[in-house]
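Work through the exercises below with the model open. Try each task before reading its solution.

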Amino acid sequence: MVMAPTACVSTAEVCTFRKDYTNSLDHLGLVSSHGGDNNLLQSSLTAKELVLDVLRKRAAEVDLDQCGPGEEDPFYVADMGEVYRQHMRWKMNLGRVKPFYAVKCNPDPEVLRLMAQLGNGFDCASKSEIDMALQTGIDPSRIIYAQPCKTKSYLRYAAEVGVKQMTFDNADELYKIKATFPEAELYLRILTDDSTSLCRLSMKFGASMDQARPLLELAYKLDLKVVGVSFHVGSGAEDPRAFLEAVQDARTVFDHAEEIGHELHTLDVGGGFCQDTFEKFAGILGEAVDTYFPPNIRVIAEPGRYYVATAYTLAANVIARRDIPHPDDPSRDAFMLYLNDGVYGNFSNIIFDHQHPVAQILTCASDGSQPASPNSATSEDITYSIWGPTCDGIDVISESIALPGLLDTGDWLYFEEMGAYTKCSATRFNGFSDNHEVIYISSEPGASALLNY
């Protein structure tokens, strides 16, 4: 992936800001002395103010009346400290489970570099993703080729570079692997109930429990090495019981494999972890794993959005405004805002990932200053619909949203939690760029040390 021009905020700037802001929180009684999750929360609150400060400074650098084509393009602020905090949170709640980061979610080289420094593995689905993981300098044993239906040439490439761990869920794949890479270390991916997940995967991947034993028998007959079982409850899972049921099914498959003659040593619990429900899910999953699998069984997972969703904030410029009657009260004004980014760009998560990004005001020239609290509703809230820049009518970001300010061409909006399935799935439709600047910062000294910020 070709990176846009990047910048980093120095560790000294971050530490100074954090000290000043923490002092103000302490004065207000908002800093807890209890460690653990409270410390992570306090760090996250401090980081949000830091991100906003960087966003405003970067937007202020753009002279909209004089800038060249594209200089007012959307840009990201990526806080590697937030990724680091998510890792600490993982270790506190799922210490037994080793993360293999899902590269597809956000293949930003800085994210991959941090993942490598944290000791994580990588979940890859293609040759390009394998290459990106290997470019971090990690050993091939830290990669799982978690694609049940693989391209033959990619299989040969995996053999060449030493990526042995991979998944399968059907007989044809076993014959393909036997002919192409018989030394591979295989994980049987089983079907799960993902009916409550945002992005369901069971319609495409996973062997049913009825199919599992015949597949294990075929693998044994072909003298292929099955070393584990994997499952995925779906991206953005909403029912933690899906993890419990999947772990129970995996235990059954482990037992079948042992009866047949395979020596399994790893359980892959896949992804599906979200910011808001992580502790609840982790508690159920951790208990299930400890109940059904002894300590000698290695447990890995494939988190993606969990690590990066909250670490990226996107700023976009208002390129046009249109005055329309208010949909509920024609005597009042409402406005259509057109941004220089949309669903064919970094807002692809609206279509592909069922997300609902929420606009917040970064700059509003008509106010003469920055809004003190962009999220607070007031009696002066104005109704907007927000649209992308392409000529397609489906390119809509928000059909209706109330914002506390009269926005006009040249103002900036920002959107939090834009780190998962955004830039990686953007297109160049209508000739708009899919390669935007990322400003990297670190609000955590640990991340700063690992990345040499």
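**Exercise 1. The whole chain**

What percentage of the 453 residues in the chain is buried?

*Solution.* This is a predicted model. Buried residues make up 54% of the chain's 453 residues. Next, take the secondary structure: 13 helices and 17 strands. Then turn to contacts with a separation of 6 or more. Of these, 71% join residues 24 or more positions apart.

**Exercise 2. Two helices**

Describe how helix 8 and helix 9 cross, and name the residues in contact.

*Solution.* Two packed helices are described by the angle between their axes and the distance between the axes.

- Step 1: locate them. Helix 8 covers residues 209-221 and helix 9 covers residues 241-260.
- Step 2: distance and angle. The two axes come within 10 Å and cross at roughly 30 degrees.
- Step 3: classify. Angles under 35 degrees count as roughly parallel, so helix 8 and helix 9 are roughly parallel to each other.
- Step 4: handedness. Helix 8 passes helix 9 in a right-handed crossing.
- Step 5: list the contact. Helix 8 supplies Met-209, Ala-212, Arg-213, Leu-216, Glu-217 and Tyr-220. Helix 9 supplies Asp-249, Thr-252, Val-253, His-256, Ala-257, Glu-259 and Ile-260.
- Step 6: sort by type. The residues of this contact comprise seven nonpolar, two polar and four charged.

**Exercise 3. Cysteines**

How many disulfides does the structure hold?

*Solution.* A disulfide is a covalent bond between the sulfur atoms of two cysteines. The structure holds zero. Check Cys-424: the nearest cysteine sulfur belongs to Cys-105 and is 6.5 Å away. The cut-off is 2.5 Å, so Cys-424 is in no disulfide. Now accessibility. Partly exposed lies between 20% and 50%. Cys-424 has 31% relative accessibility, so it counts as partly exposed. Cys-149, at 41%, also counts as partly exposed.

**Exercise 4. Positive phi**

Where are Asp-223 and Asn-430 found? Give the phi and exposure of each.

*Solution.* Most residues other than glycine have a negative phi. Asp-223 has a positive phi, near 60 degrees. Asp-223 is found in the loop between helix 8 and strand 8 (225-230). Its relative accessible area is 62%, so Asp-223 is exposed. Asn-430 also has a positive phi, near 65 degrees. Asn-430 is found in the loop between strand 16 (412-415) and strand 17 (437-441). Its relative accessible area is 40%, so Asn-430 is partly exposed.

**Exercise 5. Phe-352**

Is Phe-352 buried or exposed?

*Solution.* First, place Phe-352: helix 12, residues 349-352. Its relative accessibility is 52%, so Phe-352 counts as exposed. Last, compare sequence with space. Phe-352 and Thr-422 are 70 residues apart in sequence and 9.0 Å apart in space, C-alpha to C-alpha.

How values were computed: Residues numbered from 1 in each chain as written. Predicted model: local features only at pLDDT ≥ 70, side-chain atom pairs only at ≥ 80, totals over all residues. Heavy atoms only, no water. Helix = DSSP H or I, 4+ residues; strand = E, 2+ residues; numbered from the N terminus. Buried < 20%, exposed > 50% of the residue type's maximum accessible area, 1.4 Å probe, protein only. Axes fitted to C-alpha atoms, helices over the stretch in contact; angles between N-to-C directions. Parallel < 35°, antiparallel > 145°, perpendicular 65-115°, else oblique. Left-handed = near helix turned anticlockwise from the far one by under 90°. Contact = heavy atoms within 4.5 Å. Nonpolar A, V, L, I, M, F, W, Y, C, P; charged D, E, K, R; others polar.
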